[in-house]
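The following exercises concern salt bridges in a predicted model. Please work through each task before reading its solution.

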Amino acid sequence: MDQTKKKLALLGNGYLSGIVVEAYNMGLLEGYKLTGILGRTKEKTEALAAKAGCRACSTIEELMEDKPDYVAEAASVKSIKDYAKTILCQGASLVVLSIGAFADQEFYEQTKNCAMEHGTRIYLASGAVGGFDVLRTTSLMALAQKMKAEGLSASEAGSLDGYLTAGISTRKGPASLMGTPVFKDYFMTDPEEAAAFSGSAKEAIGLLPTKVNVAVASSLATAGPDETTVDITSVPGMAGDDHKITAKIGGPDEVEAVVDIYSRTSAIAGWSTVAVLRNILSPVVF
(Lines give C-alpha, C1' and ligand atoms only; values in the text may rest on other atoms or scores of the structure.)
Protein backbone atom coordinates (compact mmCIF):
# COMPACT_ATOMS: atom_id res chain seq x y z
CA MET A 1 0.00 0.00 0.00
CA ASP A 2 1.14 3.54 -0.75
CA GLN A 3 2.46 4.70 2.63
CA THR A 4 1.40 8.29 1.91
CA LYS A 5 -2.27 7.32 1.83
CA LYS A 6 -4.45 7.42 4.93
CA LYS A 7 -6.19 4.19 5.87
CA LEU A 8 -10.00 4.43 5.79
CA ALA A 9 -12.59 1.96 7.11
CA LEU A 10 -16.38 2.08 6.73
CA LEU A 11 -19.01 1.35 9.36
CA GLY A 12 -22.19 0.35 7.51
CA ASN A 13 -22.89 -1.56 4.31
CA GLY A 14 -25.99 0.18 2.98
CA TYR A 15 -26.83 2.78 0.35
CA LEU A 16 -24.84 5.62 1.90
CA SER A 17 -21.68 3.56 2.42
CA GLY A 18 -22.14 2.47 -1.19
CA ILE A 19 -21.85 6.13 -2.22
CA VAL A 20 -18.53 6.42 -0.37
CA VAL A 21 -17.29 3.30 -2.17
CA GLU A 22 -18.50 4.73 -5.49
CA ALA A 23 -16.59 7.95 -4.84
CA TYR A 24 -13.51 5.94 -3.87
CA ASN A 25 -13.65 3.94 -7.10
CA MET A 26 -14.09 7.17 -9.08
CA GLY A 27 -10.81 8.50 -7.66
CA LEU A 28 -12.50 11.18 -5.56
CA LEU A 29 -10.84 9.89 -2.36
CA GLU A 30 -7.39 9.61 -3.83
CA GLY A 31 -5.68 10.32 -0.49
CA TYR A 32 -7.15 7.19 1.13
CA LYS A 33 -6.83 3.42 1.00
CA LEU A 34 -9.98 1.53 1.99
CA THR A 35 -9.03 -1.24 4.42
CA GLY A 36 -12.31 -2.71 5.65
CA ILE A 37 -16.10 -2.51 5.92
CA LEU A 38 -18.18 -3.61 8.91
CA GLY A 39 -21.89 -4.27 8.44
CA ARG A 40 -24.73 -6.16 10.05
CA THR A 41 -25.33 -8.67 7.23
CA LYS A 42 -22.49 -10.81 5.94
CA GLU A 43 -23.67 -10.99 2.32
CA LYS A 44 -24.13 -7.23 1.89
CA THR A 45 -20.83 -6.49 3.59
CA GLU A 46 -18.96 -8.95 1.39
CA ALA A 47 -20.57 -7.56 -1.76
CA LEU A 48 -19.65 -3.96 -0.92
CA ALA A 49 -16.14 -4.92 0.19
CA ALA A 50 -15.64 -6.72 -3.14
CA LYS A 51 -16.55 -3.51 -4.98
CA ALA A 52 -14.09 -1.56 -2.86
CA GLY A 53 -11.33 -4.17 -3.00
CA CYS A 54 -11.06 -4.31 0.77
CA ARG A 55 -11.77 -6.60 3.71
CA ALA A 56 -15.29 -7.58 4.82
CA CYS A 57 -15.40 -7.51 8.62
CA SER A 58 -17.83 -9.07 11.06
CA THR A 59 -16.66 -7.41 14.31
CA ILE A 60 -15.31 -4.03 15.35
CA GLU A 61 -12.11 -5.73 16.47
CA GLU A 62 -11.59 -7.08 12.97
CA LEU A 63 -12.26 -3.65 11.44
CA MET A 64 -9.64 -2.05 13.70
CA GLU A 65 -6.95 -4.69 13.09
CA ASP A 66 -5.63 -2.74 10.11
CA LYS A 67 -5.28 0.39 12.30
CA PRO A 68 -7.33 2.77 10.14
CA ASP A 69 -6.64 6.48 10.44
CA TYR A 70 -10.31 7.26 9.83
CA VAL A 71 -13.57 5.38 10.18
CA ALA A 72 -16.56 6.77 8.28
CA GLU A 73 -19.95 5.79 9.72
CA ALA A 74 -23.14 5.45 7.68
CA ALA A 75 -24.97 2.88 9.79
CA SER A 76 -27.13 3.84 12.76
CA VAL A 77 -27.32 5.67 16.08
CA LYS A 78 -26.84 2.30 17.78
CA SER A 79 -23.61 1.70 15.86
CA ILE A 80 -22.20 5.01 17.07
CA LYS A 81 -23.18 4.25 20.66
CA ASP A 82 -21.71 0.74 20.40
CA TYR A 83 -18.46 1.52 18.61
CA ALA A 84 -17.51 5.22 18.74
CA LYS A 85 -15.42 5.05 21.89
CA THR A 86 -13.65 1.88 20.74
CA ILE A 87 -12.75 3.51 17.43
CA LEU A 88 -11.55 6.78 18.97
CA CYS A 89 -9.63 5.11 21.79
CA GLN A 90 -7.77 2.90 19.30
CA GLY A 91 -6.37 5.89 17.43
CA ALA A 92 -8.83 6.43 14.57
CA SER A 93 -10.78 9.59 13.96
CA LEU A 94 -14.48 9.19 13.24
CA VAL A 95 -16.69 10.73 10.55
CA VAL A 96 -20.30 10.53 11.76
CA LEU A 97 -23.60 10.63 9.89
CA SER A 98 -25.79 9.23 12.70
CA ILE A 99 -25.40 12.38 14.75
CA GLY A 100 -28.58 11.59 16.67
CA ALA A 101 -26.42 9.54 19.02
CA PHE A 102 -25.09 12.80 20.43
CA ALA A 103 -28.50 13.97 21.62
CA ASP A 104 -27.50 11.96 24.69
CA GLN A 105 -25.44 14.64 26.44
CA GLU A 106 -23.62 12.20 28.71
CA PHE A 107 -22.57 10.05 25.76
CA TYR A 108 -21.58 13.16 23.80
CA GLU A 109 -19.27 14.32 26.61
CA GLN A 110 -17.79 10.84 27.09
CA THR A 111 -17.05 10.55 23.39
CA LYS A 112 -15.47 14.01 23.21
CA ASN A 113 -13.28 13.19 26.21
CA CYS A 114 -12.22 9.91 24.62
CA ALA A 115 -11.17 11.75 21.46
CA MET A 116 -9.23 14.37 23.43
CA GLU A 117 -7.42 11.74 25.49
CA HIS A 118 -6.29 9.77 22.43
CA GLY A 119 -5.55 12.61 20.01
CA THR A 120 -8.38 11.69 17.65
CA ARG A 121 -11.25 13.73 16.25
CA ILE A 122 -14.98 13.45 15.61
CA TYR A 123 -16.11 14.94 12.31
CA LEU A 124 -19.85 15.60 12.02
CA ALA A 125 -20.89 15.18 8.39
CA SER A 126 -23.55 17.67 7.30
CA GLY A 127 -25.84 14.96 5.98
CA ALA A 128 -28.87 16.47 4.26
CA VAL A 129 -28.28 19.96 5.65
CA GLY A 130 -25.32 22.32 5.89
CA GLY A 131 -24.25 25.79 6.87
CA PHE A 132 -22.52 24.56 10.02
CA ASP A 133 -19.89 27.27 9.60
CA VAL A 134 -22.36 30.17 9.81
CA LEU A 135 -24.41 28.41 12.51
CA ARG A 136 -21.30 27.91 14.67
CA THR A 137 -20.24 31.51 14.07
CA THR A 138 -23.64 32.81 15.16
CA SER A 139 -23.62 30.69 18.33
CA LEU A 140 -20.07 31.88 19.10
CA MET A 141 -21.25 35.48 18.84
CA ALA A 142 -24.13 34.67 21.23
CA LEU A 143 -21.66 33.13 23.69
CA ALA A 144 -19.49 36.26 23.54
CA GLN A 145 -22.56 38.45 24.13
CA LYS A 146 -23.50 36.48 27.26
CA MET A 147 -19.94 36.49 28.61
CA LYS A 148 -19.72 40.28 28.23
CA ALA A 149 -23.20 40.97 29.58
CA GLU A 150 -22.96 38.70 32.64
CA GLY A 151 -19.23 38.80 33.35
CA LEU A 152 -18.79 35.06 32.84
CA SER A 153 -16.01 32.89 31.48
CA ALA A 154 -16.74 30.56 28.56
CA SER A 155 -16.88 27.55 30.90
CA GLU A 156 -19.39 29.33 33.16
CA ALA A 157 -21.72 30.58 30.42
CA GLY A 158 -23.84 27.42 30.07
CA SER A 159 -27.15 27.80 28.25
CA LEU A 160 -27.46 30.51 25.58
CA ASP A 161 -31.19 30.92 26.27
CA GLY A 162 -32.09 34.58 25.83
CA TYR A 163 -29.08 35.19 23.60
CA LEU A 164 -29.54 32.65 20.79
CA THR A 165 -32.74 31.37 19.18
CA ALA A 166 -32.33 28.23 17.06
CA GLY A 167 -34.67 25.85 15.33
CA ILE A 168 -35.21 23.54 12.41
CA SER A 169 -38.40 23.16 10.42
CA THR A 170 -38.70 20.01 8.29
CA ARG A 171 -41.26 19.26 5.59
CA LYS A 172 -41.60 15.60 4.61
CA GLY A 173 -43.89 13.38 2.57
CA PRO A 174 -46.31 11.40 4.78
CA ALA A 175 -45.01 8.04 3.56
CA SER A 176 -41.58 8.81 5.05
CA LEU A 177 -43.18 9.07 8.50
CA MET A 178 -44.91 5.69 8.34
CA GLY A 179 -43.87 3.33 11.13
CA THR A 180 -42.96 6.19 13.48
CA PRO A 181 -44.84 7.33 16.61
CA VAL A 182 -45.80 10.64 14.97
CA PHE A 183 -47.52 9.11 11.95
CA LYS A 184 -51.30 9.42 11.64
CA ASP A 185 -53.37 7.50 9.08
CA TYR A 186 -55.03 10.67 7.85
CA PHE A 187 -51.65 12.01 6.69
CA MET A 188 -51.99 9.72 3.66
CA THR A 189 -55.42 11.00 2.60
CA ASP A 190 -55.64 14.56 3.91
CA PRO A 191 -55.02 17.06 1.05
CA GLU A 192 -53.78 19.64 3.56
CA GLU A 193 -50.42 19.88 5.29
CA ALA A 194 -50.46 18.57 8.87
CA ALA A 195 -48.23 19.15 11.88
CA ALA A 196 -46.53 15.87 12.82
CA PHE A 197 -44.21 16.98 15.63
CA SER A 198 -43.23 20.05 17.62
CA GLY A 199 -40.70 19.96 20.43
CA SER A 200 -36.97 19.97 21.15
CA ALA A 201 -34.27 18.20 19.17
CA LYS A 202 -33.72 15.89 22.13
CA GLU A 203 -37.41 14.94 22.21
CA ALA A 204 -37.42 14.44 18.44
CA ILE A 205 -34.53 11.98 18.44
CA GLY A 206 -36.22 10.02 21.23
CA LEU A 207 -39.29 9.51 19.04
CA LEU A 208 -37.65 9.38 15.62
CA PRO A 209 -34.11 7.98 16.01
CA THR A 210 -33.62 7.38 12.27
CA LYS A 211 -35.36 10.51 10.99
CA VAL A 212 -33.89 13.55 12.70
CA ASN A 213 -30.11 13.28 12.64
CA VAL A 214 -30.17 16.63 10.83
CA ALA A 215 -32.04 18.20 13.76
CA VAL A 216 -29.47 16.99 16.27
CA ALA A 217 -26.61 18.10 14.01
CA SER A 218 -28.13 21.56 13.75
CA SER A 219 -28.72 21.74 17.49
CA LEU A 220 -25.11 20.80 18.28
CA ALA A 221 -23.98 23.62 15.98
CA THR A 222 -26.25 26.13 17.74
CA ALA A 223 -28.15 26.06 21.05
CA GLY A 224 -27.92 22.36 21.95
CA PRO A 225 -30.48 19.52 21.76
CA ASP A 226 -32.56 20.73 24.71
CA GLU A 227 -33.01 24.28 23.44
CA THR A 228 -33.23 23.86 19.66
CA THR A 229 -36.83 23.64 18.48
CA VAL A 230 -37.93 21.07 15.90
CA ASP A 231 -41.10 21.21 13.83
CA ILE A 232 -41.99 18.44 11.36
CA THR A 233 -44.80 18.88 8.84
CA SER A 234 -46.39 16.17 6.70
CA VAL A 235 -46.86 17.46 3.15
CA PRO A 236 -49.14 15.48 0.82
CA GLY A 237 -47.45 14.30 -2.37
CA MET A 238 -44.01 15.55 -1.37
CA ALA A 239 -40.94 13.53 -2.31
CA GLY A 240 -37.81 14.02 -0.23
CA ASP A 241 -37.16 16.44 2.61
CA ASP A 242 -36.96 20.21 2.96
CA HIS A 243 -35.00 21.39 6.02
CA LYS A 244 -34.96 25.05 7.06
CA ILE A 245 -32.55 25.86 9.90
CA THR A 246 -32.51 29.22 11.65
CA ALA A 247 -30.18 30.76 14.23
CA LYS A 248 -30.67 34.31 15.46
CA ILE A 249 -29.00 36.69 17.89
CA GLY A 250 -30.07 40.23 18.77
CA GLY A 251 -28.15 43.24 19.99
CA PRO A 252 -26.00 45.70 18.05
CA ASP A 253 -24.38 42.86 16.07
CA GLU A 254 -27.72 41.26 15.17
CA VAL A 255 -27.45 38.21 12.90
CA GLU A 256 -30.11 35.92 11.51
CA ALA A 257 -28.76 32.87 9.67
CA VAL A 258 -31.13 30.81 7.55
CA VAL A 259 -30.09 27.57 5.84
CA ASP A 260 -32.74 25.98 3.61
CA ILE A 261 -31.95 22.75 1.76
CA TYR A 262 -34.23 20.45 -0.22
CA SER A 263 -33.09 16.97 -1.21
CA ARG A 264 -35.22 14.47 -3.12
CA THR A 265 -33.24 11.44 -1.88
CA SER A 266 -30.77 10.68 0.91
CA ALA A 267 -27.84 10.63 -1.54
CA ILE A 268 -26.64 14.02 -0.32
CA ALA A 269 -25.88 12.44 3.08
CA GLY A 270 -23.49 9.93 1.55
CA TRP A 271 -21.81 12.59 -0.52
CA SER A 272 -21.47 14.82 2.55
CA THR A 273 -19.26 12.09 4.06
CA VAL A 274 -17.14 12.12 0.92
CA ALA A 275 -16.89 15.92 1.19
CA VAL A 276 -15.70 15.70 4.81
CA LEU A 277 -13.06 13.10 3.93
CA ARG A 278 -11.79 15.24 1.05
CA ASN A 279 -11.74 18.33 3.26
CA ILE A 280 -9.68 16.57 5.95
CA LEU A 281 -6.79 16.03 3.52
CA SER A 282 -7.20 19.20 1.45
CA PRO A 283 -4.60 21.98 1.61
CA VAL A 284 -7.57 24.40 1.45
CA VAL A 285 -10.18 23.75 4.12
CA PHE A 286 -13.77 25.00 3.74
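**Exercise 1.** Identify which residues are linked with Arg55 in a network of salt bridges, and classify Arg55 and Glu62 as buried, partly exposed or exposed.

*Solution.*
1. The network of salt bridges joins Arg55, Glu62, Glu65 and Asp66.
2. Within it, Glu62 and Arg55 form a salt bridge through their side chains, with an N to O distance of 3.6 Å.
3. Buried means under 20% relative accessible area. Glu62, at 19%, is therefore buried.
4. Arg55 has a relative accessible area of 28% and is partly exposed.

**Exercise 2.** Determine where Asp82 and Lys78 lie, and how many residues apart they are.

*Solution.*
1. A salt bridge connects the side chains of Asp82 and Lys78, at 2.6 Å from N to O.
2. Both residues belong to helix α4 (residues 77-89); they are 4 residues apart, about one turn of the helix.
3. Asp82 is partly exposed, at 39% relative accessibility.
4. The threshold for exposed is over 50%; Lys78, at 58%, is exposed.

**Exercise 3.** Explain why the pair Glu30 and Arg278 ties together parts that are far from each other in sequence, stating how many residues apart these are.

*Solution.*
1. In the salt bridge between Glu30 and Arg278, the closest N and O atoms are 4.0 Å apart.
2. Glu30 is located in the loop between α1 (15-25) and β2 (32-38), whereas Arg278 is in helix α10 (residues 267-281), so the pair ties together parts 248 residues apart in sequence.
3. Arg278 is partly exposed, its relative accessible area being 41%.

**Exercise 4.** State how many salt bridges the structure holds.

*Solution.* The total is 9 salt bridges.

Technical notes
Residues are numbered from 1 along each chain as its sequence is written. This is a predicted model: local features need pLDDT of at least 70, side-chain atom pairs count only at pLDDT 80 or more; totals for chains, interfaces and linings use all residues. Side-chain values use heavy atoms; hydrogens and water are left out. Helices (H or I, at least four residues) and strands (E, at least two) are DSSP runs, numbered from the N terminus. Buried means under 20% relative accessible area, exposed over 50%, partly exposed in between (1.4 Å probe, protein chains only).
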